[in-house]
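Q: Please take a close look at the empty space enclosed inside this protein. Describe one cavity and what lines it, then add whatever else stands out in the backbone.

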Amino acid sequence: MIRFFNALGTEALLEILNQSSTATAIYTGSDINIQLANDAMLTIWGKDRSIIGKKFEDALPELKGQPFTQLLKNVWETAETYEAVSTPATLEIDGEMVTSYFDFIYQPIIDNKGEIYCILHTASDVTERERAWKLLHEKEQTEQQTNEELTALNEEILSTNEELSALNKEYTATNGQLDETNKELQQTIIDLNNSNKILEFRNRELKELNETILQLNKKLSDSEISFSNLIDQAPVATLLVKGDDFIITMINASMLELIGKDQSVIGKPLFDELPELKGQLAANMLIETYQKGKSHTDYSNPVLLNRRGSLEKGYFNFTYTPFIENGKVTGVIDMAMEVTPQMIAIEERDKIILEKSDLEETLRKSEQRLQSILETMAEGVGVIDNTGQLIYANPMAQQILGLSESVIKGRTFDDPKWQNLRLDGTPLPAEEHPMAIMMATGKPVFDHEIGVQPPDRERFYISINAAPIFDKEGNLSGGIGTFMDVTTRRMITQGKDDFISIASHELKTPVTALKASLQLLQRSHDKFSSEIRTKLLDQSIKSLDKLSHLLTDLLDTTRIEQGQLKLVKRPLIIAELFEDCRSSVIQNTAQQIIFEGDTSQTLEADHQQIGQVMVNFITNAIKYAPESDKIIIKADRVSDHEIKISVIDHGLGIPQEKVQHLFERYYRTNYHGQKFTGLGLGLYISAEIIKNHGGKIGVDTELNVGSTFWFTLPLTSE
Ligand code: ADP
């Protein structure tokens, strides 16, 4: 400061500056201390001299937030002049914040050492200039804006003009259309006139309709009376209930009788009068009809009603119809018909049907049982109707008769194609058939045996039990026959009968011959020459041989039956066997007996028994194939362990169906033919002997070609 004053001559300089019209201030230091501010500057600032010596920012606190303090500090720092024009500064002047514009310079003052020692601040208030310029500028702007607006207006006018001309065109067109519309309008007016006429006509109609409705209304009130009459006279029990309480409004006599009440119920709620109805299906349906306005019909509906002093169940067919007044459901018409007797009858019927079906079930079961018995029975069962027609045959009947059910049903018991026979073989007359006897007498027949000769099969025998069947009225409606095949039984019996007669005959022949020879010898012994006596004795011995042969067969049969046929086995050479046979049969026949084959083999066998088999085969061939000039006896070794001996003849052969019986006891192919004699035991005994030896026996035969009877025996192992 001292340096400053010294340099400029302090007072004089201050005075100069003070009086300067240019606002001036001087600052020093980096914190910008106001060293000097002349009056012009103080006026700008709105301050007095008290601010001299203060820091710039303290003296002018309102400048906070404005750039000046910082600008001054920058100048102090940089020592570069700062100059600005038209810069706004807001200062507090007379207690008011006033913004003014300034041109100003912050000029650093440099000493001769090149150091800054103060900042000279000069400023001039250019607020007026600025305002004038602003006004000018604003005016310019307004003008420019006006110009722009004018241009825009012009453009608008232009486009409005264009629109106007377009509108003009439209207007012209619209005028044309208007003409058209006018014409249409005229037409419409004509139409309207017409419509008016129609309307008038409709009005008249409406009026008439009104009158009709009036008449109908009148009729309606009349009909209410007739409705009441209708209900009264309805043949069906009828009831009209109305309102939410189902007030009994109209009820006819039939309905009163049906519910067991009198006229006093009228005007009272239905469910008060018939409380037992509550909750029952019929009641629920009635309520629903009322609520939903839909009719309900039900048949055979069970209803519990308190009639005649107790709650009883009745069945009713009924219809509930909604009662409609002014389009609203106001009640329900109930028409009912009691069907209790019918329902009881139906229940009764159903019960009977149920019982019947139970009975039928029982019947079906017992039928099933009967059926299975019939099907598994060991006896044949046949049922005939009253004409003798077979209507049923069980499986066994079909088996015995060898016919299918369909064929059986097609025949009568006395089918002429099937020859029924008496036991003696003579034809059985139709009336002697056990079924016919039963049908004729109406009485059962037991164990009646008959023979049946089918056209294409062997005769068989059946034993029949026949029983009549009577219908409910006691009339004979058919019969049932049970029968069984007794062919085997009959054959055995017949075989025995035949055997006795044959055996007697067979025995009688040699005995008679023996007796005759011996009587002759007794009576005329002396008269006969020795040759005749020898001949008679030979004959006697032959007869005895035959007798002994027959007795041996009988004895052997008995032994076989009792299991007493004993074997005495010893080695036996076939050649030896053949030789024995040759000597025992050869003298009895004219036929040629040929022995051939491998006779060197040795057997382990009962010599006598095997010899008996061979002799039987050979004598049979001689006896039953007399036309065969040769009889061949052959030995064949069939394997290392077995030999087969065959007796071959060229006789008539044996029918195939008889072959299976040949080795049976007493069996003879021709019982009644007297041509051949024999007991039917030879082959039976032979079969037993071979079986005992562990061999096989059989016959190969062909009609008119001959028969080969054979047996096999095991060879002695060497
Ligand atoms: P029989 O003592 O009656 O001869 P068999 O048992 O020896 O009894 O024979 C039974 C039957 O076999 C005979 O009745 C006969 O009809 C038949 N038969 C046996 N051998 C022959 C044969 N070679 N040719 C035809 N039939 C035979």
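A: In this predicted model, the count comes to four cavities of 30 Å³ or more. The one to look at here is the second largest cavity, with a volume of about 210 Å³.

Its lining is made up of 18 residues. Those that lie nearest the centre of the second largest cavity are L277, A282, V303, Y320 and D334. Several elements give two or more residues to this lining: the helices α7 (253-259), α8 (270-273) and α9 (281-292), and the strands β8 (296-307), β9 and β10. By class, 17 of the lining residues are nonpolar and one is charged, while no polar residue takes part. The charged one is D334, because Asp counts as charged.

Two of the strands just named also lead to a point about the backbone. The loop between β9 (310-325) and β10 (328-338) holds N326. N326 is not a glycine, yet has a positive phi of about 50 degrees. As for its surroundings, N326 counts as exposed, at 83% relative accessibility.

A positive phi also occurs at I32, again not a glycine, with a value of about 55 degrees. I32 is found in the loop between β1 (23-28) and β2 (33-37). The relative accessible area of I32 is 0%, so this residue is buried, the limit for that being under 20%. Of these two loop residues, then, I32 is buried, whereas N326 is exposed.

Definitions and conventions. Residues are numbered from 1 along each chain as its sequence is written. This is a predicted model: local features need pLDDT of at least 70, side-chain atom pairs count only at pLDDT 80 or more; totals for chains, interfaces and linings use all residues. Side-chain values use heavy atoms; hydrogens and water are left out. Helices (H or I, at least four residues) and strands (E, at least two) are DSSP runs, numbered from the N terminus. Buried means under 20% relative accessible area, exposed over 50%, partly exposed in between (1.4 Å probe, protein chains only). On a 1 Å grid over the protein atoms alone, a cavity is a set of points where a 1.4 Å probe fits but cannot get out, and a pocket is an open set with protein on both sides within 12 Å along at least five of seven lines; lining residues have an atom within 4 Å of a point. Grid points are joined across faces, edges and corners, and a volume is the space filled by probe spheres set on the points.
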